[in-house]
Amino acid sequence: MEKVRIQDDLFTYVNQDAIDKLVIPDDKPTAGGFQVLADDVEKLMIGEFKQMSKTGVYPNEYVERAVKLFKIVKNNRRKEAHGMKPALKNVTVLDKIVDMKTFSKHYKALKLRKISLPFAISVDTDMKDSKKHCVSLQGPSVILPDASYYKEEMAQQREMILGIWTNIAKVILSKTDLSADDQAKYLEDTLAFDAVLGSLVKTSEEWSEYVKAYNPMKVSKVASMVKPVNLRKILKDLFGFLPETLIVTEPRYFKNFVSVFNEENLEKYKHWAYVNAIINSCAYLTEELRDLGSAYYRAIAGIKSGTPLEKFAYQLASGVYSEPVGLYYGQKYFGEEAKKDITEIVYQIIDTYKSRIQSNDILEQATKDKAILKLSKMGVKMGYPDKVQDIYDKLIFNEKKSLFDVMLSIHQVRVLHQLEKITKPTDPTKWQMPGHMVNACYDPSVNDITFPAAILQPPFYSLKQSRSENLGGIGAVIGHEISHAFDSNGAKCDENGNINNWWTAGDQRRFKTKVNAMIKQFDGIELPWGKVNGKFIVSENMADNGGMAVTLEIMSKTPNASYEEYFTNWAKVWCIKAKPEYQQLLLNLDVHGPNVLRTNMPPRNFPEWYETFNVKKTDKMYIAPNKRVVIW
Ligand SMILES: [Zn+2]
């Protein structure tokens, strides 16, 4: 086969050989890129966990608990002995619910037992005052991967997916103590109740508009919206007092709440909650049930087989104790020298953003000043945190209990800890991601960026790579995260992370023109597994564009810069081989575009791309100068 030309397809040119060699593991939907790093970290840490449990020597009590949990999960004999009993006992709380009054009375118990509720109450950072917490209300998640699957145009896919779900749910329910007639009835009610929810709760695309989730309402108003549920009683049970204001994240759902949840529908709700609770419990029960519990996701993501027990045990334990495990990983495997070097790159990128904002033509001067202030105040979290959050002191469990009960007790500690936060200030030193996670993020509610140690590795970053390679790798990703401070969501939040309109109407108009041009670049592109929704992924595409713009400027000032190395490493970090089912799923769920487009679309907006590889009009990665978009 003839090799593709770089001028036509950068992604394939750079990654084809690697992709040909990659084998997607049976228990994963993808291979390559991020996944290679994640797998390596996982392998390394499983080795550490095994070594610690053998020697009994632990770096601290938190990691010790993580390793003990790892051992409990691996202990099959005990899980088999308990069977489904712990989960069946847990759902008996639903028997106490006979009307709206008893529902309100047992709301807290249901929440503590991790049973799906018609609406969730949680404590979050107040988007208008990021120093404070607020109480927010949101609708439940649905059985389908996203509420958008309940739309008319998704009928065919929906039927197929619900068919898969129903077959698996039938097998799981056959292992409960329900009669055959009841099993059928429960399933029928679950599907009916879920369809009603699905027509009203938000889709991923709607959730991607961050600020639209902020709808403060007086408690009296929300109470009347959810009547006859006794919201005041529920809130008092949860918090010990009545909060004045609530943030309603899904106004459409709550406006229609009474048509979803009422005395007539109560039985349906109970059956839906029962079925969901049993299926969600499977991961912590016998090996057969654990396999059944993950079968639905595996089927829709194209994953061949379940996660092997040892890996699952590590994933579960390192998830529960994520911060201590990440801290241990970071301290051991990510050195101070690298931390210093990478922090230098970050501030170089921030400074370059400042000068680019100063000279850009979207914002007026007063807005530019505020944008620069926002950059100056941006928090930078690189590697791993200095300390772990205080919740880890409370995450203690009884090793003699069943795995299900251990996980339930951990859930309860977390819920109560979160509820208690309502009267406390927020903690800006809290990390969004643990040190052993291969990812990065910008948090608009804090105005900070987080880069865990695990992503600060080749091909993203290495002290051994050239500066050009590091700029095309981690540099562009850092630039990406920082630019989220100025994307459609970030532009609505100020330097303290508060929703604040600091843009003029003119700023917004000029910005919108750029956003629309970016939507147009991607919208409707046909890929083998589906069509791209340009609006849904626009924030991420703008961030990729910003990341490239800022690092290319740094390249222009870097001695011995190699643009070839820059673009090649840019393509390398996005290398992926994925199951088509998974690609299709991401198209509907992920605010990021497919990797092939994330690689191939941004370069064509920049002259350096055309100059480096002599890209001409007849090449596939050419776009006319008047169609090129540069935002920041
Ligand atoms: Zn992003």
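Where in the chain does Val 630 lie? I would like to start from that residue and then work outwards, and I should say at once that what we are looking at is a predicted model. Val 630 is found in the segment after α28, the helix that covers residues 607-613. If we set aside the neighbours within four places in sequence, the residues in contact with Val 630 are Asn 545, Ala 549 and Asn 605. As for its surroundings, Val 630 has 16 C-beta neighbours inside 10 Å, and because a residue needs 20 or more to be called buried and 12 or fewer to be called exposed, Val 630 is classed as partly exposed. One further distance may help you place this residue on the screen: Glu 80 is 550 residues away from Val 630 along the chain, and the C-alpha atoms of the two are separated by 58 Å.

Let me now step back to the chain as a whole. Its secondary structure comes to 28 helices and 11 strands. The radius of gyration is 25 Å, close to the 26 Å that the globule rule gives for 632 residues, and the chain is therefore as compact as a globular protein of that length. The C-alpha trace spans about 70 × 60 × 50 Å along its principal axes. Of the 632 residues, 41% are buried, and if we take the contacts with a separation of 6 or more, 76% of them are between residues 24 or more positions apart.

The next topic is the division into domains. Domain 1 takes in residues 85-284, whereas domain 2 is made up of 333-388 together with 427-627. Between the C-alpha centres of domain 1 and domain 2 there are 35 Å, and the contact between them involves 14 residues of domain 1 and 15 residues of domain 2. On the side of domain 1 that touches domain 2, the elements that give two or more residues are β3 and α9, the latter being residues 204-207. By class, that side of domain 1 has five nonpolar, five polar and four charged residues.

I turn now to the sheets, and I will take two of them. As a reminder for those who do not look at sheets every day, the strands of a sheet pair through backbone hydrogen bonds, and they do this either in parallel or antiparallel fashion.

One is an open sheet of four strands, with the order β2-β3-β5-β4 and mixed pairing. At its edges are β2, residues 120-126, and β4, residues 216-218, each of which pairs on one side only. From one strand to the next, the twist averages 45°. Strand β3, which covers residues 129-138, runs parallel to strand β5, residues 245-248, and the two are joined by two bridges. In terms of individual residues, Ser 136 has Ile 247 of β5 as its bridge partner, and Leu 137 stands opposite Val 248 in β5. The pairing of β4 with β5, by contrast, is antiparallel and extends over three bridges, with Met 217 opposite Leu 246 in β5.

Within strand β4 I would point out Lys 218. Is Lys 218 buried or exposed? It has 11 C-beta neighbours inside 10 Å, and since 12 or fewer is the limit for that class, Lys 218 counts as exposed. Not counting residues up to four places away in sequence, Lys 218 touches Glu 244 and Thr 245. Its C-alpha atom is separated by 6.3 Å from that of Leu 246, which lies 28 residues apart from Lys 218 along the chain.

The other is an open sheet of three strands, in the order β6-β8-β7, and its pairing is again mixed. Here the edge strands, each pairing on one side only, are β6 at residues 379-383 and β7 at residues 441-443. The twist in this sheet averages 15° from one strand to the next. How do β6 and β8 pair, in the parallel or the antiparallel sense? They pair in the parallel sense, over five bridges, with β8 covering residues 448-452. Within this part of the model, Gly 383 stands opposite Pro 452 in β8.

Conventions:
Residues numbered from 1 in each chain as written. Predicted model: local features only at pLDDT ≥ 70, side-chain atom pairs only at ≥ 80, totals over all residues. Pairing = 2+ DSSP bridges. Axes fitted to C-alpha atoms, helices over the stretch in contact; angles between N-to-C directions. Domains from an automatic or database assignment. Contact = placed C-beta atoms within 7 Å. Nonpolar A, V, L, I, M, F, W, Y, C, P; charged D, E, K, R; others polar. Rg over C-alpha atoms; globule rule 2.2 N^0.38 Å.
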